[in-house]
Amino acid sequence: MEVMDVVKKFHRKIDYDAHKSCDVKYPSANDCIECCSKPYFEQVNIDYTCAQKRKLYVARYAPAYISEVYSAFKVTSRNYAKELSKKSEIKVASIGGGPGTDIAGFKKWILTNIGEDNDIDTIKFLRVDIHKDWDDVSPELVNLYNSTDIEFEYKKIVRDITQKPINSQSFKSFDVIMMSYILSEINSKDIEKAANHISEAISGKTLLVINDRPQDEVIQKIDQFIIALGGINPKIVEPTETDHCGESYPDEIFKAVGATIFRKSRRYNVLIEK
């Protein structure tokens, strides 16, 4: 199954008239699309307890967000990519990764950029999210880009990274940590707390990929976070007006969901070494 197959599947499940009888929609939203997008643009934390909103999220954003994460991994140093390819087991944390777009982006990269001459047997993913309600959509996304040669294992925890570390008995440290559109939602005064909790999950060498909004205040948070982790000289992928995600929507779905087709994020790729 391809990502556009997933988009089509969720499009068929969306009730585009649900807003007419909804008592919990975003106050200034006129329909479900605006309920999904307005909090984002008004920098208000989005409540994903609504099943309708989760389906819209996939149909509207998944192709672009997967592509953003994939492009962030494409600038990974050849040396570290080779190190990963020689591991029998890779442990990956997806923070704020409830929907599964980060995992899909990483899997696409690992399968298209790591040669056949690799020693990877298993990749273990830990999804960390403050929202508990993504399990009705995430299986469709995390199971994209599967391989018969690699076993993929998935675990999820509900956690606020400003309050607790993410490591556990099963995942003491990680080879890769991904953070998409999460630091922008954290209060500036809590960035150091989040960095301290993430630092406990850094192995001797961990690749950190951050994918987030390009606004100045968000960039400041990201810079603060990377410095707190000891990151040096991150590789940065800047958005452009022609940075297309590479997927084509059917006209009907494009208009219905107000699809995002351009990669609009600022992406960071930095190797953290202890």
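## A colleague's note on the salt bridges, loops and overall build

1. Let's start with a pair worth finding on your screen. Lys205 and Glu83 join their side chains in a salt bridge, with 2.9 Å from N to O. Lys205 belongs to strand 5 (residues 202-212) and Glu83 to helix 4 (residues 78-85), so this contact ties together parts that lie 122 residues apart in sequence. Lys205 is partly exposed, at 26% relative accessibility, and Glu83 is also partly exposed, at 34%. Please keep in mind throughout that this is a predicted model.

2. A second pair makes a good companion to that one. Arg263 and Asp243 meet through their side chains in a salt bridge of 2.7 Å, N to O. Arg263 sits in the loop between helix 9 (251-257) and strand 7 (266-273), while Asp243 sits in the loop between strand 6 (235-237) and helix 9, so the bridge ties together parts that are 20 residues apart in sequence. Are these two residues buried or exposed? Both Arg263 and Asp243 are buried.

3. Next comes a pair with more solvent around it. Lys20 makes a salt bridge with Asp17, and their closest N and O atoms are 3.6 Å apart. Lys20 counts as exposed because its relative accessibility is 65%, over the 50% cut-off. Asp17, with a relative accessible area of 44%, is partly exposed.

4. How many salt bridges does a search of the whole structure find? The count is 14. Besides the pairs above, you may like to look at Arg127, Asp135 and Lys156, which are linked in a network of salt bridges.

5. Now for charges without such partners. Asp119, Asp121, Glu151 and Glu153 together form a negative surface patch. Residues in a patch of this kind have no salt bridge. Asp121 is in the loop between helix 5 (101-113) and strand 2 (122-129). Its relative accessibility is 47%, so Asp121 counts as partly exposed.

6. Stepping back to the whole chain, there are 9 helices and 7 strands. The radius of gyration is 18 Å, close to the 19 Å that the globule rule gives for 274 residues, so the chain is as compact as a globular protein of that length. Along the principal axes, the C-alpha atoms fill a box of roughly 55 × 45 × 40 Å. What share of the 274 residues counts as buried? The figure is 52%.

7. Two residues deserve a look at their backbone angles. Most residues other than glycine have a negative phi. Tyr181, however, has a phi near 50°, a positive value in a residue other than glycine. You will find Tyr181 in the loop between strand 4 (174-180) and helix 7 (191-199), and at 11% relative accessibility it counts as buried. Asn233 likewise has a positive phi near 50°. Asn233 is in the loop between helix 8 (216-228) and strand 6. Is Asn233 buried or exposed? With a relative accessible area of 68%, Asn233 is exposed.

8. Staying with the strand 4 to helix 7 loop, Ile182 lies there too. Ile182 is buried, with a relative accessible area of 15%. If you would like a distance to check in your viewer, the C-alpha atoms of Ile182 and Gly246 are separated by 24 Å, and these residues are 64 apart along the chain.

9. Another loop residue to try is Thr260, in the loop between helix 9 and strand 7. Thr260 has a relative accessible area of 13%, so it counts as buried. Where does Ala62 lie relative to Thr260? Their C-alpha atoms are separated by 8.6 Å, although their positions lie 198 residues apart along the chain when counted from one to the other.

10. Finally, Asp23 is in the loop between helix 1 (3-13) and helix 2 (32-41). Its relative accessible area is 77%, so Asp23 is exposed. The C-alpha atoms of Asp23 and Glu140 are 29 Å from each other, for residues 117 apart along the chain.

Note on methods:
Residues are numbered from 1 along each chain as its sequence is written. This is a predicted model: local features need pLDDT of at least 70, side-chain atom pairs count only at pLDDT 80 or more; totals for chains, interfaces and linings use all residues. Side-chain values use heavy atoms; hydrogens and water are left out. Patches are made of residues with over 30% relative accessible area and no salt bridge: like charges are joined within 9 Å, nonpolar side chains (Val, Leu, Ile, Met, Phe, Trp, Tyr) within 5 Å. Accessible areas come from the Shrake-Rupley method with a 1.4 Å probe; for residues, only the protein chains shown count as cover. A salt bridge is a side-chain nitrogen of Lys or Arg within 4 Å of a carboxyl oxygen of Asp or Glu. Lys and Arg count as positive and Asp and Glu as negative; His and the chain ends are not counted. The place of a charge is taken as NZ of Lys, CZ of Arg, CG of Asp or CD of Glu. Helices (H or I, at least four residues) and strands (E, at least two) are DSSP runs, numbered from the N terminus. Buried means under 20% relative accessible area, exposed over 50%, partly exposed in between (1.4 Å probe, protein chains only). The radius of gyration is taken over C-alpha atoms; the globule rule is 2.2 Å times the number of residues to the power 0.38.
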